[in-house]
Amino acid sequence: MNAFDDIREDGFSALDAALIEAFRSIWPGSDEAALHLAALASWATARGHSCFTPDLLDDWSSPGESTARERRILAWHAQLRAGDWPEAPFIGPADSQAPIVVEGRRAWLRRYWRYEREIEAALRARALAVAGLPPAVDVAAALDALLPSADHGEIDWQRVAAATALRAPLTVICGGPGTGKTFTALRVLALVRHFADAPLRMALAAPTGKAAQRLSESVQLGLRSLPLSDAQRADLPSEAMTLHRLLGFHAQSVQPMRDSARPLDLDVLVVDECSMVDLPLMAKLLRALKPECRLVLLGDPDQLPAVENGAVLAALAACNTDNRFADETARWIGQASGERVAAGDDRGALAERIVRLERPRRFGGASGIARLVRAIRTGDAGAVFDILGDSADIVWSEAPWRIDASAVRRQLHDSYRVLAEAETPAAALEALGRYRILCALREGPQGVSGLNRTVANALHGAVGEREFVHGRPILVTSNHHALGLYNGDVGVFFRERPESPLRAWFARRDGDVHALLPAQLPAHDSAYAMTVHKAQGSEFDTVELVLPEQPHPLLTREWLYTAASRARSQLRIHASREVIGAALARRTRRINGLDLLD
Ligand SMILES: Nc1ncnc2c1ncn2[C@@H]1O[C@H](COP(=O)(O)OP(=O)(O)OP(=O)(O)O)[C@@H](O)[C@H]1O
């Protein structure tokens with residue numbers, strides 16, 4: 001066995017092992033406990049954390065303690081838990097050149113330490129910068145026109161958010177599904193334009209193609225309801241793009257064209273679905289903005305964080321969870337919006353930039369889905385089970401979901417037949433938003449691969465999941481910049497006429513559709529069933545939520561919250577009480593080293 005193998009046998013990935021091998025060859029004879037810590041820093045980042053802390057050892061699945069090496073590992077872990085960091089030339093404080101940075105109880109790969117410091121500094125500079133502030137009385141008049149107070153006797157946080165956005169080139173608008181984040185952002189754009197002397201360069205962006213498409217649709221609908229003239233409306237953006245396109249990432253490059261040397265020529269940028277923006281992308285986005293460009297971040301911090309690394313939105317939202325402000329800010333908000341917000345809480349400049357929207361606007365107050373999503377967010381199991389058992393828009397079945405049951409086959413047929421029976425490819429693409437099976441895992445009987453295979457067979461006979469069949473929905477699983485297709489884009493195979501070739505159709509951001517021959521397609525899977533991670537940023541009229549039959553570490557409160565909030569009109573959930581209870585009790589943990597409070 002060589003040294004590489006022993007690290008792999010300790011439970012590390014090939015990537016962790018490669019890092020350790022590099023350290024061993026640069027610093028021969030290094031302390032094994034120190035190499036183990038370096039491997040842990042790499043292991044933590046692969047799990048979405050930005051750094052390692054000894055608390056994460058609770059998640060370590062120990063290979064055992066039967067061999068001398070395993071017992072040594074357990075002894076190293078005890079040492080780490082006691083705060084005793086091993087020493088080596090590759091471990092050092094921030095101001096050293098060491099590739100592993102240790103500070104307090106945290107250890108980072110230096111790259112992530114750098115991203116975090118860069119993000120902190122950029123966000124803080126934005127929070128502290130003063131934007132040319134119009135008189136409060138003028139803001140009040142403009143707000144009354146754009147966002148008239150509903151006067152429900154409660155604070156209208158949309159008005160607070162819109163007024164707050166005028167104060168500095170950073171605003172974070174957080175809120176659950178349908179709480180009016182996009183609606184508010186559009187008013188922010190109109191408000192900023194109102195106080196500018198000339199048209200502004202404004203852009204809308206989101207981390208995935210699907211989220212950008214939804215943002216475009218929502219903004220286009222919202223623009224119509226804005227009390228503005230056609231000329232004023234024309235000054236506002238109506239098309240969103242992916243952050244990758246905005247920043248100018250090329251096919252294989254991790255560095256975008258836009259950076260601090262070649263910043264984006266923008267006065268205002270709204271970024272939606274920020275919970276899905278990972279640490280490197282957030283750092284690159286902030287780098288590419290001029291200091292004076294107003295950045296408005298929208299998102300739901302209770303959703304699953306980015307698959308990759310970091311949870312910047314959640315860290316920001318944690319700076320102000322209760323919508324309280326420092327005295328001076330609260331006074332200004334009162335003058336500019338008429339809303340009397342709680343004062344006396346000076347938690348630093350960044351906390352002042354964050355507003356949480358509380359009222360669901362999309363669903364009526366009676367919507368079971370909206371109440372369920374709120375109960376999941378607070379982890380209130382009693383309320384969750386009450387709502388699951390007694391809501392017109394939710395069907396809860398404790399029995400496992402079996403595709404071979406004839407009722408399920410019939411219902412699948414009804415739900416997916418519309419794709420094949422649509423009159424045009426555009427209509428088929430539109431129908432994709434009506435129904436989707438969502439699940440947690442890739443493998444296993446309730447996993448996405450198996451479900452896709454059995455649904456394809458149930459619908460199309462034994463043609464196999466990979467066959468090109470008319471009406472089959474597909475999910476792109478890799479980025480293809482030249483074709484404008486991105487990981488997560490969903491399309492459908494469609495033959496316009498019996499004699500036409502079968503092509504894969506996708507919706508373009510401009511509302512048009514485009515078609516590719518099957519041979520042109522980048523890597524893709526069926527999309528009858530998708531994981532909740534892949535469905536983030538999308539919504540469906542009906543969601544068939546299929547959970548595994550046993551509790552699983554991936555099933556967390558945040559997962560369940562994200563899953564349930566994908567449903568617009570009906571949620572059908574197939575899971576035992578035990579599996580739901582276990583998911584509510586488990587949290588998605590993301591350790592970060594962001595220090596955002598003053
Ligand atoms: N103040 C308001 N008055 C009337 N309608 C509103 C208001 N705020 C939001 N809405 C409506 O509520 C719906 C949801 O709003 P919006 O899409 O802005 O929410 P969101 O938080 O961005 O949603 P998502 O979580 O899906 O991104 C939209 O139809 C919007 O027009």
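Which residue with a positive phi follows helix 3? In this predicted model, helix 3 gives way to Gly-48, whose phi is positive, near 90 degrees. The helix that precedes Gly-48 covers residues 32–46 and contains 15 residues. From its first C-alpha to its last, helix 3 reaches 21 Å, close to the 21 Å expected at 1.5 Å a residue. Because eleven of the 15 residues of helix 3 are buried, this helix is largely enclosed by the rest of the structure. Among the buried residues are Leu-35, Leu-37 and Leu-40, together with His-36, Trp-43 and Thr-45; several alanines, including Ala-34 and Ala-44, are also buried.

The domain assignment divides the protein chain into domain 1 (3–104), domain 2 (137–148 + 157–357) and domain 3 (368–585). The centres of domain 1 and domain 3, taken over C-alpha atoms, are separated by 39 Å. An unreviewed UniProt entry lists residues 527–573 as "domain: UvrD-like helicase C-terminal". Over residues 527–573, helix accounts for 26% of the chain and strand for 36%, and the end C-alpha atoms of this stretch lie 18 Å apart.

A ligand is surrounded by 13 residues, of which Gly-180, Lys-181, Thr-182, Phe-183 and Arg-361 come nearest. Helix 8 (181–194) and helix 9 (209–225) each supply at least two residues of the shell around the ligand. Helix 8 gives the most, contributing three residues to the shell. By residue class, the shell around the ligand comprises two nonpolar, eight polar and three charged residues.

Notes. Residues are numbered from 1 along each chain as its sequence is written. This is a predicted model: local features need pLDDT of at least 70, side-chain atom pairs count only at pLDDT 80 or more; totals for chains, interfaces and linings use all residues. Helices (H or I, at least four residues) and strands (E, at least two) are DSSP runs, numbered from the N terminus. The expected span of a helix is 1.5 Å times one less than its number of residues. A residue is buried if 20 or more other C-beta atoms lie within 10 Å of its own, exposed if 12 or fewer, and partly exposed in between; C-beta atoms are placed from the backbone. Domain bounds come from an automatic or database domain assignment. UniProt positions are given in the numbering used here, feature names are shortened, and annotations may be inferred rather than shown by experiment. A residue is near a molecule or strand if its C-beta atom, placed from the backbone, lies within 6 Å of it. Ala, Val, Leu, Ile, Met, Phe, Trp, Tyr, Cys and Pro count as nonpolar, Asp, Glu, Lys and Arg as charged, and the others, Gly among them, as polar.
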